[in-house]
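Work through the exercises below with the sequence and the model in view. Each task is followed by a solution in steps.

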Amino acid sequence: MSEYNRWFTDNWWISPLNFSENVLEDFNIPKNVYVRDSTIREGEETPGVYYTLEDKIDIVEKLEEIGVGDIDVGYIGRVQEQWDLANKIKELGLKIKTYCHLSSNPIKWDEEIQKALGAKVDYIGYGIVLTPWQLELFTGDSRVSPQVMLNIIPLTLRKIRKYGGTAILDCVDATRSDLTLLKDAIRRGIKHGVKKVLLYDTVGACHPRAISYMIKEIKPICGDIPLGIHIHDDFGLATASSIAAVEQGAEFMDLVVNQLGDRAGNASLEEVVVSLKILYGIDTGIDLSKLYELSKLVEEKSGIKIPPNKPVVGENTFLHESELHVMSAIKKDKFWMCFTPYKDKVVGQKEQLIFGPTTLHGDAIRFKCEELKFDEYEKYLNNIKHELRLIISKKKFVTEPEFEQIILKYKK
Ligand SMILES: [Zn+2]
């Protein structure tokens, strides 16, 4: 693909600055970048969301269909419904890999590991906590120090291995942990056999440049062990920070459809994978043309409405109202790129236009009349504008079919 084609293709027109050498020289993008989806586990932690087992299976099947290879199924050793899902995924012969978490109670770990393996889970997440407040909250004992946590890493990983499990090191609240302790924990984890490392920005408390720095510091310790990131959106930076992690070498990202999750939610799957593909040229293996379908399914199952101005999947993303935008949408064969960075079909959406208070200059009306082969329109322009204004004053906008009805009335 030539440089030119990277930023201007049949389907998108983005900034050539994205591919400037001065920008690219700061990156250390890995060969393979993939998604671990958490729409089930984090999704159900969204206040007010409850999925039945059937809902969960419908979502997992759709995720598998669009190319997601890995999902978080939750605390399956402690929550029966989460175990049922993990088990059902394997019973149905789905290919998607399942990840679960151990709880914060070490006394239960033997039992939890065995339960997880009973559901043929692919990865067992061992969550390490390195901040004193969280340690005291989880253990109920103010004497449990980060050093104690570091010391039990080998024992726990040995335990997971003993039962035949594959461990992933979940670094809880990594961004608010002491970086030296965090590195020490990861070194110990890798030495004792973890197959992946996942860093959590548990309350979205880290800006993208600081995420870049953290990945740069930790990536060399991980070597060939895949490094992942899980980011919450408390400051609206989860998409940017997830991408910042990939720029510096993170291989996988924990993402959630429709940005569901605790509080302000998690990094949005649709925003991250579309940005990576179009702005960076990174293929995560996700079929982008099915993103809208997936998003609507999760909207239905979760009961959480997609905001209309949500990037990628929101209704307004391909709905044009203002004068110049409507003009480019009417003449989309030639001018589709003037007011959109990528075509609707790229993400499975359908472009629409409406006439509203900002579409009454006259040129958009003219374009539409010409499209309908209404040559005499100028004689009726004031009447047409008047009719449009009347409808807009009552119901805020006029749809394209409503506009066509008005034209046909004068055209006859
Ligand atoms: Zn989280």
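Two residues are in contact if their C-beta atoms, placed from the backbone, lie within 7 Å. The model used throughout is a predicted one.

**Exercise 1. Describe the overall build of the protein and how its domains meet.**

Step 1. Start with the elements: the protein has 18 helices and eleven strands. Its C-alpha atoms fill a box of roughly 85 × 50 × 40 Å along the principal axes. Of its 412 residues, 41% count as buried.

Step 2. Turn to the domains. The domain assignment gives domain 1 (14–302) and domain 2 (315–411). Taken over C-alpha atoms, the centres of domain 1 and domain 2 are separated by 44 Å.

Step 3. Apply the contact definition to the two domains. Nine residues of domain 1 are in contact with seven residues of domain 2. On the side of domain 1 that touches domain 2, the elements giving two or more residues are α12 (269–280) and α13 (291–302). The most comes from α13, with three residues. By class, this side of domain 1 has six nonpolar, one polar and two charged residues.

**Exercise 2. Find the nonpolar cores and say which domains the largest one draws on.**

Step 1. Recall a general tendency: in soluble globular proteins, nonpolar side chains tend to be buried together.

Step 2. Look for the largest nonpolar core, which has 91 residues. Those with the most contacts inside this core are Ile 124, Ile 128, Leu 169, Cys 171 and Met 253. At least three of the core's residues come from each of domain 1 (14–302) and domain 2 (315–411).

Step 3. Take one of these residues and list what it touches. Leaving out residues up to four places away in sequence, Ile 128 touches Met 149, Ile 153, Leu 169, Cys 171, Val 172 and Ala 185.

Step 4. Look for a further core. Apart from the largest core lies another, of 14 residues, including Val 326, Ile 330, Leu 353 and Phe 403.

**Exercise 3. Which residues of helix α6 are buried, and where do they lie around the axis?**

Step 1. In α6 (residues 109–118), the buried residues are Trp 109, Glu 112, Ile 113 and Ala 116.

Step 2. Around the axis these residues cover an arc of only 100°, so they are on the same side of α6.

Step 3. Identify what they pack against: β3 (97–101), β4 (123–128) and α8 (146–162).

Step 4. Move past the helix. α6 is followed by Lys 120, which has a positive phi, near 55°.

**Exercise 4. Contrast the surroundings of strands β7 and β10.**

Step 1. Begin with β7 (residues 227–231). Five of its five residues are buried, so β7 is largely enclosed by the rest of the structure. Leu 227, Ile 229 and Ile 231 point one way, while Gly 228 and His 230 point the other way, and all are buried.

Step 2. Find the pairing of β7 with β6. Strand β6 (residues 196–201) is joined to β7 by five bridges, and the two run parallel. Opposite Asp 201 stands Ile 231 in β7.

Step 3. Go to β10. The covered face of β10 holds Leu 353 and Phe 355, and the uncovered face holds Gln 352 and Ile 354.

Step 4. Place β10 in its sheet, an open one of three strands with mixed pairing, in the order β9-β10-β11. The edges are β9 (319–320) and β11 (398–399), each with a single partner strand, so one side of each has no neighbour in the sheet.

Step 5. Check both pairings. Two bridges join β9 to β10, and these strands run parallel; His 320 has Leu 353 as its bridge partner in β10. Two bridges also join β10 (residues 352–355) to β11, and these strands run antiparallel; Phe 355 stands opposite Val 398 in β11.

**Exercise 5. Is Gln 259 buried or exposed? And how does Arg 263 count?**

Step 1. Locate the residues. Gln 259 is in the loop between β8 (252–255) and α12, and Arg 263 is found in the loop between β8 and α12 as well.

Step 2. Read the backbone angles. Gln 259 is not a glycine, yet its phi is positive, about 60°. Arg 263, also a residue other than glycine, has a positive phi near 50°.

Step 3. Apply the cut-off: a residue is buried if 20 or more other C-beta atoms lie within 10 Å of its own, and exposed if 12 or fewer. Gln 259 has 28 C-beta neighbours inside 10 Å and therefore counts as buried. Arg 263 has 13 and therefore counts as partly exposed.

Note on methods. Residues are numbered from 1 along each chain as its sequence is written. This is a predicted model: local features need pLDDT of at least 70, side-chain atom pairs count only at pLDDT 80 or more; totals for chains, interfaces and linings use all residues. A nonpolar core is a set of buried Ala, Val, Leu, Ile, Met, Phe, Trp, Tyr and Cys residues joined through C-beta atoms within 7 Å. Domain bounds come from an automatic or database domain assignment. Helices (H or I, at least four residues) and strands (E, at least two) are DSSP runs, numbered from the N terminus. The arc is that of the directions from the helix axis to the C-beta atoms. Ala, Val, Leu, Ile, Met, Phe, Trp, Tyr, Cys and Pro count as nonpolar, Asp, Glu, Lys and Arg as charged, and the others, Gly among them, as polar. Two strands pair if DSSP finds at least two bridges between them.
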